[in-house]
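Here is a short tour for the bench, taken one region at a time. Keep the sequence and the 3D view open while you read.

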Amino acid sequence: MEHARIAVAGASGLIGSALARSLTADGHTVLRLVRRAPRSADEVRWDPERGAVDAAGLAGCDAVVNLAGAGVGDRRWTDAYKELIRSSRVRGTTALAEAVAGLPEDARPRVFLNGSAIGYYGETGDR
């Protein structure tokens, strides 16, 4: 694959951090979406709870990868936390999709990849 410019939401998480390292090692430029003020040129500000994304930072990216959302393995899944898991993914995905859709057609990423660590694996009994 040629050198690509890839924005990653969730780049500080378990899978996102490994993906960002791997892409960088392969010679790609990785832009990390952060919820605070950017500290370097490889960071783009976003606030998924408010639906805000610095869309200009996504312009010209070849791909956007969304792995962001509330953690699924670090807390007990109460009804309230299950709703937070779901809403964090819906809000983040919506914010990114709307930001990308609002870009001029020639500046939009060719690829939008969304991953979510929510699922049901069935009854496992005592295993």
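## A hairpin to start with

Let's begin where the chain doubles back: strand 3 and strand 4 make a hairpin, and four residues sit between them. Look in the turn for Gly51, whose phi is positive at about 75 degrees. Please keep in mind throughout that this is a predicted model.

The two strands of the hairpin are antiparallel and pair over two bridges. To find the register by eye, start at Trp46, whose bridge partner in strand 4 is Val53.

## Strand 3 and its other neighbour

How many of the five residues of strand 3 are buried? Four of them are, so the strand is mostly covered. Besides strand 4, strand 3 also pairs with strand 2; here the strands run parallel, and three bridges join them. One handy landmark is Arg32, which has Glu43 of strand 3 as its bridge partner.

Glu43 is worth a second look. Its side chain meets that of Arg36 in a salt bridge, with N and O 2.8 Å apart. Is Glu43 buried or exposed? Its relative accessibility is 14%, and because buried means under 20%, Glu43 counts as buried. Arg36, at 29%, is partly exposed.

## Around strand 2

Move on to Val30, which you will find in strand 2. With a relative accessibility of 4%, Val30 counts as buried. Which residues does Val30 touch, leaving aside those up to four places away in sequence? They are Ile6, Val8, Ala20, Leu23, Thr24 and Asp42. For a sense of scale, Val30 and Val100 are separated by 70 residues in sequence, and their C-alpha atoms by 17 Å in space.

Just before strand 2 comes the loop that links helix 1 (14–25) to strand 2 (29–34), and His28 is found there. His28 is buried too, at 9% relative accessibility. Its side chain reaches the backbone nitrogen of Ala4, at 3.0 Å.

## Strand 5 between two partners

Next, turn to strand 5 (residues 63–66). Ala63 and Val65 point one way from strand 5, while Val64 and Asn66 point the other way. Are these four residues buried or exposed? All are buried.

Strand 5 pairs with strand 1 (residues 5–9) in the parallel sense, over four bridges. Within that pairing, Ile6 stands opposite Ala63. Strand 5 also pairs with strand 6 (residues 111–114), again in the parallel sense and over four bridges. There, Val64 has Phe112 as its bridge partner. Between these two strands the chain passes through helix 3, making a β-α-β crossover that is right-handed.

## Helix 3

Helix 3 covers residues 79–101, which is 23 residues. From its first C-alpha to its last it reaches 33 Å, close to the 33 Å expected at 1.5 Å a residue. Which residues of helix 3 are buried? The set is Tyr81, Ile85, Ser87, Ser88, Arg89, Gly92, Ala95, Leu96, Ala99 and Val100.

At the start of the helix, the side chains of Asp79 and Lys82 form a salt bridge, N to O at 3.7 Å. Asp79 and Lys82 are three residues apart in helix 3, about one turn. Asp79 is exposed, with a relative accessible area of 63%, whereas Lys82 is partly exposed at 39%.

## Salt bridges across the fold

Side chains of opposite charge can pair when their charged atoms come close. How many salt bridges does a search of the whole structure find? It finds seven, including the pair between Glu43 and Arg36 and the pair between Asp79 and Lys82.

Another one joins Arg91 to Glu49, whose closest N and O atoms are 2.7 Å apart. Why does this pair tie together parts that are apart in sequence? Arg91 lies in helix 3 and Glu49 in the loop between strand 3 (43–47) and strand 4 (52–53), so the salt bridge links parts that are 42 residues apart in sequence. Arg91 is partly exposed, with a relative accessible area of 38%, and Glu49 is partly exposed as well, at 41%.

Methods
Residues are numbered from 1 along each chain as its sequence is written. This is a predicted model: local features need pLDDT of at least 70, side-chain atom pairs count only at pLDDT 80 or more; totals for chains, interfaces and linings use all residues. Side-chain values use heavy atoms; hydrogens and water are left out. Buried means under 20% relative accessible area, exposed over 50%, partly exposed in between (1.4 Å probe, protein chains only). A polar contact is a pair of N or O atoms within 3.5 Å; within protein, one must be able to donate a hydrogen and the other to accept it, and residues adjacent in sequence count only if both atoms are side-chain atoms. The expected span of a helix is 1.5 Å times one less than its number of residues. Contact means heavy atoms within 4.5 Å. A salt bridge is a side-chain nitrogen of Lys or Arg within 4 Å of a carboxyl oxygen of Asp or Glu. Two strands pair if DSSP finds at least two bridges between them. A crossover is right-handed if, with the strands pointing away from the viewer, the path from the first strand over the helix to the second runs clockwise.
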